[in-house]
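Q: I'm new to this one, could you walk me through it?
A: Gladly, let us look at it together.

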Amino acid sequence: MAQYRHIFATCVALSASSAATAQTVQISDGIASVEFTINGETLTISRNQDTTARLTGAFVKTSRPCPPNCILPMSLGNGIFSIGEREVIDFLVNTVAGGTGLLIDTRRTADFNKGSVPGAVNVPTATLSPENTFQTDILMALGATQNDGQLEFSRARPLVLFAEGNWDPQVANAVAHLINAGYPPTQIIVYRGGLQDWLHLGLTVTGP
Amino acid sequence: MIRLVSGLFLFAVALCAYIVMKPASNPGARAAVTLEDITAVTRAQTQSLIADVPLPTGNIDASTSEMLAQLGLNTNIAVPNLPTEAAAVTPMDDATASILSGISAVTNQQLTITPTPVAAPAPVTAASTFESLVMQALQEGQTDDFIHDLVNQAAQSGTISVPQILVTADGHVDTDALLGSLLTQVSGAAPAMPVVASGQGTGVEVIMEQGQQRRYYTVSSGDSLGGIAVKFYGNVNKFDLIFSANRDVLSSPDRIQVGQRLSIPTI
């Protein structure tokens, strides 16, 4: 009896270690998770390993009224293009963790607090509008400088902006506000899929 | 034969013993969940419900929160100069402060909002607790009387420190003045200049002195300097006018006394 117990324990140990080294659901072949450090805090992005997992809640809807939730084009004009999750992860690991770029969640703060992409900062679309008395302060935080009362954008940071999903006008409006304020389109990139696509791949989301 | 019978008898006894024992073990298992566990779960649920209730701190006028933050800290200080009709403060200022702090956390920049004296969310001080205590009670829909008792009890137990201008002549907290001020700020309406009746029984006197009309007010119990400012100017922040005009009789904003005759400057 005792020898069976010994064999059984070895089998369990082996299967547990093999589960750790080769996850079923990776980000790309050989990369199960990605770590990066922002301001001393290490963030990890990996994927939900439950192969039966599904989207829940509002993100399962297919047909939101358009207008206002119209299908976003892949390019928002001015040469501004969209990227996918792999590029967002690369951007976080290299540009954001490097301190030069920003991943911006353009949704309202209440939605941001419920969960967002790790490493994103919340700049709600409304705060980028010229109606916000503090629009200039935010643009300067994004790299603009003031020259004789005029804003100058030679050091504008590279930004990746996203919102709820590929139907959410908040990201398009945020881009429009930035362009109208003078932000260089070459420094603006859109993660069109938004939180919906991020979640649809089971990627890590910051908790409330 | 007898062995069969005794065997069956023993089996029956064993079966009965098992039946008797089995139900007794279950209450034992159930008793493992204690009353503490149940109340802990309930408390956790209640706490999360309270956490979901948003306190409209973003809509409080900066000068009010500054007043509450500053004056409550040290009862020995002289009345500070409060910002006068300052730059228009929109609800965006708190939002912007948190946005900028989020961005600076990532980029390691020092970021501040340019217009002053709008500051980042007020530090958690005893006076901030006072404000949030009242705001939470308002949010919960409590009556004015409840808030009055709540605030006075907290002040007595030393949980909060009360801004001097809200200390009444009889040593209580003038919650009416506070609530009026908070509600005016939240509603965003500009406080209107009240029309104050004078004459017998009102405590208000209007006198012609050297060709100028002057007003005097006699303090009654339940009056605070903040409350008197609301009464005459519609704005608790204007207490400074009354305080400055009466420094000869008022050593500090919380030391008003029943029967004191205060000069009320015309503005």
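A: A charge sits over a ring if NZ of Lys or CZ of Arg is within 6 Å of the ring centre and within 35 degrees of the ring normal. Arg64(A) lies that way over the face of Trp167(A), at 3.8 Å from the ring centre, and Arg261(B) lies over the face of Tyr216(B), at 3.9 Å from the ring centre.

Q: What kind of model is this?
A: The model is predicted, with local features needing pLDDT of at least 70 and side-chain atom pairs counting only at pLDDT 80 or more, while totals for chains, interfaces and linings use all residues. Residues are numbered from 1 along each chain as its sequence is written, chains are lettered from A and ligands numbered from 1 in the order in which they are written, and side-chain values use heavy atoms, leaving out hydrogens and water.

Q: How many aromatic pairs are there over all chains?
A: Counting rings of Phe, Tyr and Trp (its six-membered ring) whose centres lie within 6.5 Å, with planes under 30 degrees apart stacked, over 60 edge-to-face and the rest tilted, there are four over all chains. The planes of Phe153(A) and Tyr183(A) stand at 65° with ring centres 5.5 Å apart, so the pair is edge-to-face.

Q: Are those two buried or exposed?
A: Both Phe153(A) and Tyr183(A) are buried, where buried means under 20% relative accessible area, exposed over 50% and partly exposed in between (1.4 Å probe, protein chains only).

Q: And how much of chain A is buried?
A: Of the 208 residues in chain A, 41% are buried.
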